[in-house]
Amino acid sequence: MDKLLKILSENAPIDLEKVAKATKSTVKEVTKKLKDFEKSGLYHGCTAILDDSAYDKEQVRALIEVRITPRREGGFDQVARRIAKFPEVSDLALVSGSYDLLLTVRGSSLREVANFVAAKLATIDGVLSTSTSFQLKKYKESGHMMEDDEEYERLKVCP
Amino acid sequence: MSGSKSVRKARVARHISALPPSGIRKFFDLVSTMDEVISLGIGEPDFTTPWTIRESGIYSIERGHTSYTSNLGMLPLRREICRYLARDYHLDYHPENECIVTVGVSEALDIAIRAITEPGDEIIYTSPSFVSYPAEITMAHGVPVPVATNCKNGFAPDAAAIEKAITPKTKAVLVNFPSNPTGATLSGKALKELADVVIRHDLLLISDEIYSELTYDETHVSIATLPGMRERTIFLHGFSKAFAMTGWRIGYACAPSDLVDAMKKIHQYAIMSAPTVAQEAALEALRHGDEARETMRASYQERRDIFVGGLNQIGLDCVMPHGAFYAFPSIKRSGLSSEKFAEKLLEKEHVAVIPGSAFGPGGEGFVRCSYATGLDELEEALRRIGRFVGSLARK
Ligand SMILES: Cc1ncc(COP(=O)(O)O)c(C=O)c1O
């Protein structure tokens, strides 16, 4: 993976000066506020919105639905936390409905993701079943369209 | 037999050929030939119409709503317009006979002026103004009478100057606040004084309030809400600016029923009805557009603060515009005419602004900069304008 992309995908820098300007404050104030947000658990860092398929056709993402049995003490948390520890898992949430956990898994090939599911995920104590959907094409992420509409030119000067 | 020998009649009507070409057109032609131009000359929002509104337009077509509507416009839309005006403007109009849906404020303006103007009638308008005003009055065989506003009082109309311009032929006063091109708003004492003059001289008032949602420091007050004004006001409004719908061509006029009836006559012969797809999209804008509208307004406000602050830092004095999306800085210190200033700025730094003189009397010495463009572009434009102004000072 391109080094820049890797950095962006892990922790993208924020243009503090721009943010300060937009919020009518100083870089110092913004930094302090970010720290406070971090402390309170609101802010967990900043990652870039990337369309993996644009730089690596082999990159795969899979959405995996997992059914689990809650533990006597920790409920769903214990199993969920254990799964979340795997670096392959980029997102994980407990959901309502016909399954319990929804996770996004990233890998550099189909086989890698399949192996992860078979060897790591399915074998965890408490995991009852998994259902894997491979992502074919991404249209939108975090509010951003992956493909821009065709350029539509406005008049350069008008009353 | 006839024809060949006789003196040929002018093919174009004299009052049309006498209309001056738009001062904006010239810049449009210049800019079109250049690359890498940052244009602050665009008098429309830089947003695309919010998706929910566009989707309603698509749905309207899908359902096959492709026929005319009633002349006044779909009743549900007129009802929604009147509800919106009651809620946000404290205006009370009846959807059945006091509201007409038009092809933009442009058409509303046209039929309002035509409905009230007899040949030779004078219509006073505050200047600098939207470029169509004097032309529209002339095309209706009226006489446009500009009364210049002044940057010293933030380009608010001067009731005394308006009163001075009134003659026995004066029929109406035409105002536009928040204003294109100055961004000035109208409230408090100036608003009341204007209403007093209009009432005292028993005139009509055409109020183009197309930018009224886009105010940043105080809420907009429509002049039609002042005592004695509703009966003599033609209120013009539309969707182009606040809902970013310029290309849909949809707006409206509200007024007492005798005036709406007269406008409807012109509209039914000249237009029939506003585009059906645009009417259905406009309905969605009023029903579910509040949030998107507010997001856009807040974004203009942010850009205004940065851009106007930047202009003043550069040394172009600019009164804080309280509405619309225009800044109207003075370029008098440059020693250039506003047209020369704009031409040279375009040529040297590839930044397009519109010379104030294009907006009529009172505009000379200023340029109009639209800040409805991206923040990065605005900041780059400020750098370039700063460099340009600096180079003039050094000469
Ligand atoms: C003051 C003013 N009135 C009317 C219009 C025309 O608006 P519409 O798109 O509704 O015809 C404009 C557009 O620039 C304007 O600035």
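**Exercise 1. A salt bridge between loops**

In this predicted model, which residue forms a salt bridge with B:Arg230, and which parts of the chain does the pair link?

Solution.
- Step 1: the partner of B:Arg230 is B:Glu98, with their closest N and O atoms 2.6 Å apart.
- Step 2: B:Arg230 sits in the loop between β6 and β7 of chain B, while B:Glu98 sits in the loop between α4 (75–89) and β2 (99–102) of chain B. The two are 132 residues apart, and the pair links distant parts of the chain.
- Step 3: buried means under 20% relative accessible area. B:Glu98, at 8%, therefore counts as buried, whereas B:Arg230, at 28%, counts as partly exposed.

**Exercise 2. A salt bridge within a helix**

Where do B:Arg25 and B:Asp29 lie, and how many residues apart are they?

Solution.
- Step 1: both belong to helix α2 (residues 23–32) of chain B.
- Step 2: they are 4 residues apart, about one turn of the helix.
- Step 3: their side chains meet in a salt bridge with an N to O distance of 3.2 Å.
- Step 4: B:Arg25 has a relative accessible area of 47% and is partly exposed; B:Asp29, at 39%, is also partly exposed.

**Exercise 3. Strand β7 of chain B**

Are the residues on the two faces of β7(B) buried or exposed, and which strands pair with β7(B)?

Solution.
- Step 1: on one side stand B:Thr233, B:Phe235 and B:His237, on the other B:Ile234, B:Leu236 and B:Gly238; all are buried. Thus 6 of the 6 residues in the strand (233–238) are buried.
- Step 2: β6 (residues 204–208) of chain B pairs with β7(B) in the parallel sense over 4 bridges, and B:Ser207 stands opposite B:Phe235.
- Step 3: β8 (residues 251–254) of chain B runs antiparallel to β7(B), joined by 4 bridges. Here B:Ala253 is the bridge partner of B:Leu236.

**Exercise 4. The ligand site**

Why is the ligand site described as shared between chains, and which polar atoms of chain B lie by oxygen atoms of the ligand?

Solution.
- Step 1: the site is shared because residues from chains A and B surround the ligand.
- Step 2: of the 15 residues around the ligand, those that come nearest include B:Val105 and B:Ser240.
- Step 3: a backbone N or O atom of B:Val105 lies 2.6 Å from a ligand oxygen. For a side-chain N or O atom of B:Ser240 the distance to a ligand oxygen is 2.6 Å, and for a polar side-chain atom of B:Tyr211 it is 2.8 Å.
- Step 4: the protein covers 95% of the 400 Å² of accessible area that the ligand has on its own.
- Step 5: by class, the shell holds 6 nonpolar, 6 polar and 3 charged residues.

Key
Residues are numbered from 1 along each chain as its sequence is written. Chains are lettered from A and ligands numbered from 1 in the order in which they are written. This is a predicted model: local features need pLDDT of at least 70, side-chain atom pairs count only at pLDDT 80 or more; totals for chains, interfaces and linings use all residues. Side-chain values use heavy atoms; hydrogens and water are left out. Buried means under 20% relative accessible area, exposed over 50%, partly exposed in between (1.4 Å probe, protein chains only). Two strands pair if DSSP finds at least two bridges between them. A residue is near a molecule or strand if one of its heavy atoms lies within 4 Å of it. A polar contact is a pair of N or O atoms within 3.5 Å; within protein, one must be able to donate a hydrogen and the other to accept it, and residues adjacent in sequence count only if both atoms are side-chain atoms. Accessible areas come from the Shrake-Rupley method with a 1.4 Å probe; for residues, only the protein chains shown count as cover. Ala, Val, Leu, Ile, Met, Phe, Trp, Tyr, Cys and Pro count as nonpolar, Asp, Glu, Lys and Arg as charged, and the others, Gly among them, as polar. A salt bridge is a side-chain nitrogen of Lys or Arg within 4 Å of a carboxyl oxygen of Asp or Glu.
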